[in-house]
Structure formats: structure tokens, C-alpha cells
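Me: I am new to this structure and would like to learn how to read its features one at a time. Could you take me through them slowly, with the general idea before each case?

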Amino acid sequence: MSETVEKIQAIEANAASAIGAAETLAELEDARVRYLGRKAELNDILKSIATLPAEEKGPVGKAGNQTRGKLEQLLAARQESLETAELNQLLEQDRLDISLPGSPAIGGGSLHPISRTRREIEDVFIGMGYQVAEGPEVEKVHYNFDALNHSPNHPAREWTDTFYFQDDVLLRTHTSPVQIRVMEQQPPPVFVIVPGKVYRRDSDATHTPMFHQIEGLAVDEGITLTDLRGTLLEFSKAIFGDQREVRLRPHFFPFTEPSVEVDVSCFKCGGKGFLKDGARCNLCKGTGWIEILGAGMVDPNVFSYVRESGYDPETVQGFAFGMGVERIAFLKHGIPDLRLFYENDLRMLGQFESFGISSGGRV
Ligand code: PHE
């Protein structure tokens, strides 16, 4: 056997043991470069065949090519087993138990019925050209009572009705103080609505210590009670349906004169007071009317507090109204207990998911 063929056999034995000894893909690659790469000894031998004596050319070429083929097979086999081992190790480390049950899909959230109702009401007035204003919930007695023409002994001032921080600082009992704040900030004309939280010491099925109001204020030259009536009629139709009527009943508020309570014709019985089967309507208690808010013409005494901002009681008139958002939502949806709005029971809130109220372009 020629020396060269022996050499080839020795290379094959070394290479086979190097391949077998490779523990990683990187070590295997080193062995491949060393024994089968461009600069490998076997390569040099195969390239030098042309220079060998004629009788050696055949055996050396044959042995060289056989060795190369064999080493390529060994490399491929070792590569496959190293890759499998690597994969198994990864699987062992990153174990994922696909037999565990997945977490249930989380449903989308939805607006609270109070937020939706507030936005629906806002949209109606924004559509009539009103702007939305806000004011502080922690308020001065001056804005909550004094500037709204409450007499010094008005019962709402009592600590039994109202939450006080100090003698002159309280949690506002209504959104009306923002009327004064808005007028201090801007001269007439003003057309604003004021949504917000208000607080009273009250708690039962129809009263919660915190609830939401929406105040309205319109001031300009020549505003009349008829404007108030027309505005509230439009509002009532938008919220309670096209066929609605409104009626104004005389009432008293310290800051409006005259003052009224506003009723909307009952949207359950259509104002008749009884249902199709002849039974008395339980929503309007057979009267055909449902009270929805308080309102009135701004009292000239109120303007006198903001005279310096351009409100001369001799030249401007205005109307104001205030409604409870919970009350509107509860009338519309027949919710039996106001406290349900605050318990955050998803069985209750889930019923309002397709409430159908526009978001006013906001989310
Ligand atoms: N602020 C009054 C209340 O809370 C409602 C109201 C507002 C009445 C504006 C007249 C005008 O009862």
C-alpha cells in the first residue's frame, strides 16, 4: 500500500475520532474545517494527485474520495445528533405545559351608565352651541351659598345637610356655584353646561351622599322664560323621545326668580297615566308627568355679585337649570335603587354595554 494511502487512512482515523469527540456544533465546525476545509491535508493530497507516479494516481484518488465521502457522512450524522441534543436541552429548560388550560378571554370594558348619560346630555347641549365648564368640588361657602342669594339661615347651610371642611369651605352641594365662577371669568353672552359631582349628607334608596349634576346657564340680552322652556323641550325630546312635552310648575330656588320645576310627559304611558292594559302607570304614578329638573330665571341679586365682570342686572337676563344625572339615567332605564350605580356589580353594569349612547367623539 502506498505511503500516501496510508496517510489518508490515518487522516480518516483522526478525523473520525475528532468528529466523534465534538460536543458542540462549534467544535464540530472546527473539525470540519480542519479535516475537510480548503486548507486541510486531505485536500492537499487530492490536489497533488496529478504529480504522483502513474500507478499511484488511481489508488490515492479512490482512497481520498472514499475518505472524503465517509467523513462528510460522519459530519452530517454528528451534526444531526448534536442539533437534536441542543433542541432537547432547550425544550427541557423552557418547558411549556400545553395541557394547562388557557386563561379565559377578557371581555372589553364599557362606559359606566352615569358617564354615558352625562355624555349624552352634554352632546345635546353642545349641539345647541353650549360650552362645557367645570369647577371645584371643594368649594367656598361664598360660591356655594352666599353669591347664590341664600339667606344666612337657609337650611341647606346646616352641617347636618352639608359636608364642611371649615366654616367657609365645604364639599359643594350643587353645581350652581360654577355659575358664579363662569360669570366672573367671562362677560356675557354665556351659554355653558357644567357637569360634576356634588355632595349632600343623605343616603337611602333614592339618595346617595355623592351624585352627579349638570348645570346649565344662559345669559344674554333679552333671554326669557320661553327660551328656557324651548331649550328644555328640545333637551327632553333628545333624551326621552320625539313625542315629549314639558310643563313648568312654580317652585322656589334662592338664585332664580321666578323658579320652576320641570316635568316631562311620561315616556312609559305617553302621558296618559295608564298603560295599554288599563293599569295605572307606575313610572309617573298615574299623573302622566315626571319631574326631571329645577330651573328658573337668574335672580338679579345673583348678577349683582358679578356686576364688575359685565353683568348689569338692568341689561342682561338669563336662565339656569340643574338636573341630576343619576335621576335621568334611572328614569330612562327603570333602575330601582340609586345605590346600584355605585356598587360596581358587573351583572348590573354589563346590562349597559350596548346602551346606544354616543361618546361625543371621546372615549
Ligand atoms: N342647584 C339646584 C339644586 O341642586 C338646581 C337648580 C339649578 C335650580 C339651577 C335652578 C337653577 O337643587
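Reply: Let us begin with a single residue: E120 has a relative accessible area of 14%, and because buried means under 20%, E120 counts as buried. Please keep in mind throughout that this is a predicted model.

Me: Which residue forms a salt bridge with E120?

Reply: The general idea is that side chains of opposite charge can pair when their charged atoms come close. In this structure the partner of E120 is K332, and the closest N and O atoms of the two are 3.5 Å apart. K332 lies in helix 10 (residues 325-333) whereas E120 lies in helix 5 (residues 113-127), so the pair ties together parts that are 212 residues apart in sequence. While E120 is buried, K332 counts as partly exposed, at 31% relative accessibility.

Me: How far apart are the closest N and O atoms in the salt bridge of R181 with E139?

Reply: For R181 and E139 that distance is 2.7 Å. R181 belongs to helix 7 (residues 177-185) and E139 to strand 2 (residues 138-140), so this salt bridge ties together parts that are 42 residues apart in sequence. E139 is buried, with a relative accessible area of 1%, whereas R181 is partly exposed, with a value of 24%. Salt bridges can also share partners, and in this way R247, R249, E261 and D263 are joined into one network.

Me: Where do E29 and R32 lie, and how many residues apart are they?

Reply: Both are in helix 2 (residues 25-36), and they are 3 residues apart, which is about one turn of the helix. Their side chains meet in a salt bridge, with 3.0 Å from N to O. E29 is partly exposed, with a relative accessible area of 38%, and R32 is partly exposed too, with 34%.

Me: How many salt bridges does the count come to?

Reply: The count comes to 12 salt bridges, and among them are the pair of E29 and R32 and the pair of R181 and E139.

Me: I would also like to read residues by their contacts; which residues does V124 touch, leaving aside those up to four places away in sequence?

Reply: With those sequence neighbours left out, V124 touches F235, A238 and I239. V124 is placed in helix 5, and it counts as buried because its relative accessibility is 15%, with the limit for buried being under 20%. Sequence and space can also be set side by side for one pair: V124 and F240 are 116 residues apart in sequence, and their C-alpha atoms are 12 Å apart in space.

Me: Is T67 buried or exposed?

Reply: T67 counts as buried, at 2% relative accessibility. T67 is found in helix 4 (residues 54-93), and, not counting residues up to four places away in sequence, T67 touches I8, E12 and L42.

Me: Which residues form the negative surface patch?

Reply: The patch is formed by E158, D161, D202 and D204. To be part of a patch, a residue needs over 30% relative accessible area and no salt bridge. D202 shows how this is read, because at 35% relative accessibility D202 counts as partly exposed. As for its place, D202 lies in the loop between strand 5 (190-199) and strand 6 (210-220).

Note on methods: Residues numbered from 1 in each chain as written. Predicted model: local features only at pLDDT ≥ 70, side-chain atom pairs only at ≥ 80, totals over all residues. Heavy atoms only, no water. Patch = residues over 30% accessible without salt bridge, like charges linked within 9 Å, V, L, I, M, F, W, Y side chains within 5 Å. Areas by Shrake-Rupley, 256 points an atom, 1.4 Å probe, with all protein chains shown as cover. Salt bridge = Lys/Arg side-chain N within 4 Å of Asp/Glu carboxyl O. Lys, Arg positive; Asp, Glu negative; His and termini not counted. Charge placed at Lys NZ, Arg CZ, Asp CG, Glu CD. Helix = DSSP H or I, 4+ residues; strand = E, 2+ residues; numbered from the N terminus. Buried < 20%, exposed > 50% of the residue type's maximum accessible area, 1.4 Å probe, protein only. Contact = heavy atoms within 4.5 Å.
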